[in-house]
Amino acid sequence: MILILTGIFHVQAQKPEYRLNDTLYVWEMHGVTMIDDPQSPGQVKNRYYYGSPARVVDINPGTRPVSMEVNEGYELPGHWVRVIINRDTGFVFDGFLGAFPPFDLRSDAQGIELVQKNYSGSAHVSKAVRSSTPQEGLADGESQEMHFDNGIQWDLKKVKPCLVEKYTIPTNRYAEAYQFMMAVYSNYFDQDANFMAEPEFLRQNGNKTEFILRGNGGNQQIAVYKSGNAYLINAFTCTDE
């Protein structure tokens, strides 16, 4: 269900997949704050940064729904969950956490190259295809694909005049797919970047949450949506051919 309140999009929180004693990781690049009491969220106990492991010590996960604005005009749904981080125990917003191991901050990469550097997979992607330039690497109708050992799948197809890129994320948690999308399509891990580029919320289109990544080489449209027991991330890069 989609709700629109005061100009900000809200999506109904989903039941979490994690359980007591599971280890999650901080995926939010701006970090996550810990509180003692969900009834008093303004009283911050501590802050933890990207990549920090968080062990779930909540015997009733999914019972404290909350949403937070993570992208201008867009609120991410989730729950307060009790965890241990760096020997501190308290509640954090689970929309900032993910089950997949986080990317190495020293990766110095973006896009599929970033994923390859951090997760093992079963296919090779050529340099021409990695460049994601519609005029190079793939002929119209051709595609490349890669399967990672953690269940993530990637494929790239040339549909003239566009490159259509798709990630399949094996999770029922929207927040997990959202955080993965932000990490892959931003330039957070590009050590040569001199400005911050990250996807911006565009609109809610039915069951698809759409974003746009603005760049000198053109804009990239990205959609995140549920399909079966997975979330799909579709991105389109087109030229004026």
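Mentor: Let's start with a term: contact means heavy atoms within 4.5 Å. This is a predicted model, where local features need pLDDT of at least 70 and side-chain atom pairs count only at pLDDT 80 or more, while totals for chains, interfaces and linings use all residues. Residues are numbered from 1 along each chain as its sequence is written, and side-chain values use heavy atoms, with hydrogens and water left out.

Trainee: OK, which residues is Phe180 in contact with, leaving aside its neighbours within four places in sequence?

Mentor: Trp27, Phe103, Val115, Tyr119, Ile152, Tyr167, Ile169 and Ile233.

Trainee: And what makes something a nonpolar core?

Mentor: Take buried Ala, Val, Leu, Ile, Met, Phe, Trp, Tyr and Cys residues, and join them through side-chain atoms within 4.5 Å. The largest such set here has 57 residues, and Phe103, Tyr167 and Phe180 have the most contacts inside it. Helix 3 gives the largest share of this core, 10 residues. In soluble globular proteins, nonpolar side chains tend to be buried together.

Trainee: Why is 174-185 called a helix?

Mentor: A helix is a DSSP run of H or I with at least four residues, a strand a run of E with at least two, and both are numbered from the N terminus. Helix 3 has 12 residues, so the length rule is met. The expected span is 1.5 Å times one less than the number of residues, which gives 16 Å for helix 3; its end C-alpha atoms are 17 Å apart, so the two agree.

Trainee: How do you know that helix 3 is largely enclosed?

Mentor: Buried means under 20% relative accessible area, exposed over 50%, partly exposed in between (1.4 Å probe, protein chains only). In helix 3, 12 of the 12 residues are buried, so the rest of the structure largely encloses it.

Trainee: Is His79 buried or exposed?

Mentor: His79, in strand 8, comes out at 4%, so it is buried.

Trainee: And what are Arg87 and Asp108 called?

Mentor: Arg87 has 81%, so it is exposed. Asp108 has 33%, so it counts as partly exposed. Arg87 has a phi near 70°, a positive value in a residue other than glycine, and sits in the loop between strand 8 and strand 9.

Trainee: What makes a space a cavity?

Mentor: On a 1 Å grid over the protein atoms alone, it's a set of points where a 1.4 Å probe fits but cannot get out; lining residues have an atom within 4 Å of a point. The structure holds one cavity of 30 Å³ or more. Its lining includes Trp27, Ile169 and Phe180, and helix 3 supplies the largest share, three residues.

Methods. On a 1 Å grid over the protein atoms alone, a cavity is a set of points where a 1.4 Å probe fits but cannot get out, and a pocket is an open set with protein on both sides within 12 Å along at least five of seven lines; lining residues have an atom within 4 Å of a point. Grid points are joined across faces, edges and corners, and a volume is the space filled by probe spheres set on the points.
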